[in-house]
Amino acid sequence: MDIAALLGKATGLAFVDCSASSETIRMLNQVVDMGCCVVLANKKPLTSTMEDYDKLVSYPRRIRHESTVGAGLPVIASLNRLLSSGDPVHRIIGSLSGTLGYVMSEVEDGKPFSEVVKVAKNLGFTEPDPRDDLSGMDVARKALILARLLGRRINLDSIKIESLYPDEMGPDAMSVEEFLGSGIVSLDNDVQERVKRASLNGNVLRYVCVIEGSSRCEVGIQELPKDSPLGRLRGSDNVLEIYSRCYNKQPLVIQGAGAGNDTTAAGVLADILDIQDLFP
Ligand SMILES: NC(=O)C1=CN([C@@H]2O[C@H](COP(=O)(O)OP(=O)(O)OC[C@H]3O[C@@H](n4cnc5c(N)ncnc54)[C@H](OP(=O)(O)O)[C@@H]3O)[C@@H](O)[C@H]2O)C=CC1
Ligand SMILES: N[C@@H](CC=O)C(=O)O
């Protein structure tokens, strides 16, 4: 299909990217040039080079990407409202992976890591290659999207990322099927040990994203008290604490299902409907 020709002939169309691919970036550039609206669940176009990013957001009212962070949760909308009202955000801390939240809480309940990763995939929480989640890369992309929204001109390689599997099990070394079929089992004991050690201290492990000030942006495992906002998370829930001038001592907190087909699709649909307002 010649998408450029189709979009060029009509107004009021939105180009919706729900792939997990970088291949759509070139097409998105064309679409933006034609003045079309864009809705993204795909994080990759927003986490490519600054040049691609600047192009994509060059008409801010014509792009919506709520589902790229926290699936259907109103994360981007809330941040945009704070920023547009002149309330500077200085710190965001959160648990932004439905997959890793689910995996950690199930391992705490004694289930093997390898098994719960497969269940997370079947439930629609993981990326097409679950190593995108387990490497921390998916959370890093969300962190980058948020950091760029706050005005930070950084790339993925500025983010400190902790991976839950070794390089020898990466996509260059084995297929998704090999990883899930045989590779991942060898990680079970290690993860179970880490979870047990944390539990002896009354703590749990959570995969945490921190964006702070003008330089800190990191994602990785933290040992946290069970009875803390992040420690209390169960299943695929995400939680995000936003600290700004108005929300200084008590953060603005957004919490709820952060992955899954229904909530993601609802986020995408809400974005499409929202964009309709541009075409009275
Ligand atoms: N699952 C979730 O909870 C959430 C997902 N997202 C994002 O949504 C996106 C999709 O995730 P999910 O639905 O789980 O993944 P799936 O693998 O289920 O779906 C991806 C779809 O994209 C299609 N696709 C892949 N490459 C291209 C391409 N170059 N052009 C057109 N279509 C393509 C695939 O088609 P085919 O099968 O034929 O290859 C497939 O239908 C990802 O970017 C993910 O990060 C965001 C928030 C939450
Ligand atoms: N794979 C992601 C889906 C949403 O972006 C996750 O687990 O959070």
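**From the core to the ligands**

In this predicted model, the largest nonpolar core has 64 residues, and Val38, Val103, Ala143 and Leu146 touch the most other members. Such a core is a set of buried Ala, Val, Leu, Ile, Met, Phe, Trp, Tyr and Cys residues joined through C-beta atoms within 7 Å. Helix H8 (residues 137–149) gives the most to this core: 9 residues. Helices are DSSP runs of H or I, at least four residues, numbered from the N terminus.

Take Val103. Beyond its neighbours within four places in sequence, Val103 is in contact (C-beta atoms, placed from the backbone, within 7 Å) with Phe113, Val116, Val117 and Ala120.

Now move to Glu127. It sits in the loop between helix H6 (113–122) and helix H7 (131–134). An unreviewed UniProt entry places a "binding site" there; such annotations may be inferred rather than shown by experiment. Is Glu127 buried or exposed? It is partly exposed, because it has 19 C-beta neighbours inside 10 Å. Buried means 20 or more other C-beta atoms within 10 Å, exposed means 12 or fewer, and partly exposed lies in between.

Glu127 is also among the residues around ligand 2, as are Asp133 and Asp138. Each has its C-beta atom, placed from the backbone, within 6 Å of the ligand. This shell has 3 nonpolar, 5 polar and 3 charged residues. Asp, Glu, Lys and Arg count as charged; Ala, Val, Leu, Ile, Met, Phe, Trp, Tyr, Cys and Pro as nonpolar; the others, Gly among them, as polar.

Residues are numbered from 1 along each chain as its sequence is written, and ligands from 1 in the order in which they are written, with chains lettered from A. In this predicted model, local features need pLDDT of at least 70 and side-chain atom pairs count only at pLDDT 80 or more, while totals for chains, interfaces and linings use all residues.

Methods. Helices (H or I, at least four residues) and strands (E, at least two) are DSSP runs, numbered from the N terminus. Two residues are in contact if their C-beta atoms, placed from the backbone, lie within 7 Å.
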